[in-house]
Amino acid sequence: MAETVVLKVGMSCQGCVGAVKRVLTKMEGVESFDVDLKEQKVTVKGNVKPEDVFQTVSKTGKKTSFWEAEPEAKEAAPATPTKEDAPSAPTEEDAPSAPDAAADVTTAA
């Protein structure tokens, strides 16, 4: 059964891309793959297990993780902030005091 596995792989150059392509070319069951340096995304299609693809790409030494699926990412994103979620306006205690305000405090004593 063909499966599509999408990974996020920390690649910084064409050498990194080449290393990922080399290990995927040798992997059994891989029918096709796409390595996107800009997106840091590796998509593998074939008769493969996600964990096996993850282990194979990890052997390159590049930081590798499973790509978050779009629907999950949207669900995980917080809804519009409510009043309780929004940061409160700075109070006088939070605000840095102006030099003349500090002078008033010392002269008032």
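**Entry 1: two cysteines**

I began with cysteine 13, which is partly exposed, with a relative accessible area of 34%. The model I am reading is a predicted one. Next I looked up cysteine 16, which counts as buried because its relative accessibility is 6%. Are the two sulfurs close enough for a bond, or too far? The sulfur of cysteine 13 has its closest cysteine sulfur in cysteine 16, at 3.6 Å, and that is too far for a bond. The cut-off I needed here is 2.5 Å between the sulfur atoms. I then searched the whole structure and found 0 disulfides.

**Entry 2: the overall plan**

I stepped back to see the protein chain, which holds 4 helices and 4 strands. Reading from the N terminus, I wrote down the order β-α-β-β-α-β-α-α. The chain has 109 residues, and 22% of them count as buried. I also noted an exposed area of about 8300 Å², with carbon and sulfur atoms supplying 54% of it. For contacts between residues at least 6 apart in sequence, I found that 61% join residues at least 24 apart.

**Entry 3: how far to trust it**

I checked the confidence next: the chain averages a pLDDT of 79, and 62% of the residues score at least 70. Which residues stay under 50? That stretch is 71-77, and the model gives it 0 contacts beyond four places in sequence. A reminder to myself: where pLDDT is low, the predicted coordinates should not be read in detail.

**Entry 4: the nonpolar core**

I looked for the largest nonpolar core and found 17 residues in it. Leu7, Met11, Val20, Leu24, Val42 and Val53 have the most contacts inside this core. The elements giving two or more residues to it are β1 (3-9), α1 (14-26), β2, β3 (41-46) and α2 (50-58). Helix α1 brings the largest share, 4 residues. This made me recall that in soluble globular proteins, nonpolar side chains tend to be buried together.

I picked leucine 7 for a closer look. Leaving aside neighbours within four places in sequence, leucine 7 is in contact with a list of residues that includes Val42, Val53, Phe54 and Phe66.

**Entry 5: a pair of rings**

Two phenylalanines on that list caught my eye, so I looked up aromatic pairs, and the count came to 1. How are the rings of phenylalanine 54 and phenylalanine 66 placed? Their centres are 5.2 Å apart and their planes meet at 20°, so the pair is stacked. The cut-off for stacked is planes under 30 degrees apart. Phenylalanine 54 sits in helix α2 and phenylalanine 66 in strand β4 (residues 64-66), so this pair, 12 residues apart, links distant parts of the chain. Phenylalanine 54 is buried, at 18% relative accessible area, whereas phenylalanine 66 is partly exposed, at 37%.

**Entry 6: aspartate 34 and threonine 43**

My last stop was aspartate 34, in strand β2 (residues 30-36). Aspartate 34 counts as partly exposed because its relative accessibility is 45%. Not counting residues up to four places away in sequence, aspartate 34 touches Lys41, Val42 and Thr43. I also compared aspartate 34 with lysine 21: they are 13 residues apart in sequence, and their C-alpha atoms are 8.6 Å apart in space.

I followed one of those contacts to threonine 43, which lies in strand β3. Is threonine 43 buried or exposed? Threonine 43 counts as buried, at 15% relative accessibility. Beyond four places in sequence, threonine 43 is in contact with Thr4, Val5, Val6, Ser32, Phe33 and Asp34.

Note on methods. Residues are numbered from 1 along each chain as its sequence is written. This is a predicted model: local features need pLDDT of at least 70, side-chain atom pairs count only at pLDDT 80 or more; totals for chains, interfaces and linings use all residues. Side-chain values use heavy atoms; hydrogens and water are left out. Buried means under 20% relative accessible area, exposed over 50%, partly exposed in between (1.4 Å probe, protein chains only). Contact means heavy atoms within 4.5 Å. Accessible areas come from the Shrake-Rupley method with a 1.4 Å probe; for residues, only the protein chains shown count as cover. pLDDT is the predictor's confidence in each residue, from 0 to 100. A nonpolar core is a set of buried Ala, Val, Leu, Ile, Met, Phe, Trp, Tyr and Cys residues joined through side-chain atoms within 4.5 Å. Rings of Phe, Tyr and Trp (its six-membered ring) pair if their centres lie within 6.5 Å; planes under 30 degrees apart count as stacked, over 60 as edge-to-face and the rest as tilted.
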